[in-house]
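User: Please take a close look at the salt bridges in this one. I'd like to know where the partners sit, and what the surroundings look like.

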Amino acid sequence: MKILVVEDDEAFRGMICESPVFSSQGYSVVEAENGVAAVETLRTYNDGISGVITDMDMPGGNGELVIQELNSGRYGAIPLVVISSREPQTEYTAGVRYYLE
């Protein structure tokens, strides 16, 4: 079981990826530095990704690109967690259904 973490800030991405929460539950972590890399990773692993954590604001392809790919019909229902400093309304337009403040 793999979790895809999409974050352009290398230090923050590393902090998320190295969290013992994932390994203690049997997950390995795959990293992508932006939306374009995330789409390539999703297509490479196809149905091997069990969940995605993505930032929204990234150069080289943002989180909306990741959400569009997840909603493309190529994958089953992959749980998605969005991390963002944006207003929630922006994520709604990208296809996110629920959010926590």
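Analyst: Here is a walk through the salt bridges, followed by the sheet and the helices around it.

A quick word on the ground rules: this is a predicted model, where local features need pLDDT of at least 70, side-chain atom pairs count only at pLDDT 80 or more, and totals for chains, interfaces and linings use all residues. Residues are numbered from 1 along each chain as its sequence is written, and side-chain values use heavy atoms, with hydrogens and water left out.

Searching the whole structure turns up 3 salt bridges (a side-chain nitrogen of Lys or Arg within 4 Å of a carboxyl oxygen of Asp or Glu). One of them pairs R13 with E31, at 2.9 Å from N to O. That pair ties distant parts of the chain together, 18 residues apart: R13 is in helix 1 (residues 10-17) and E31 in strand 2 (residues 28-32). Helices (H or I, at least four residues) and strands (E, at least two) are DSSP runs, numbered from the N terminus. R13 is buried at 11% relative accessible area, while E31 is partly exposed at 44%; buried means under 20%, exposed over 50%, and partly exposed in between (1.4 Å probe, protein chains only).

Now for R43 and E69, whose side chains meet at 3.0 Å, N to O. This pair also links distant parts of the chain, with R43 in helix 3 (residues 35-45) and E69 in helix 4 (residues 63-70), 26 residues apart. R43 is partly exposed at 47%, whereas E69 is buried at 6%. E69 also has a salt bridge to R74, with the closest N and O atoms 2.8 Å apart, and R74 is partly exposed at 48%. Through shared partners, R43, E69 and R74 end up in one network.

As for the surroundings, strand 2 belongs to an open sheet of 4 strands, ordered 2-1-3-4 with parallel pairing (strands pair if DSSP finds at least two bridges between them). Strand 2 and strand 4 (80-83) are the edges, each pairing on one side only. Strand 1 (residues 2-6) and strand 3 (residues 49-55) pair over 5 bridges, with V5 standing opposite I53 in strand 3. Helix 3 packs on the sheet, touching strands 1, 2 and 3, and its direction makes about 165 degrees with that of strand 1. Helix 4 packs on it too, touching strands 1, 3 and 4, at about 155 degrees to strand 3. Contact means heavy atoms within 4.5 Å; axes are lines fitted to C-alpha atoms, for helices over the stretch in contact, and angles run from 0 to 180 degrees between N-to-C directions.
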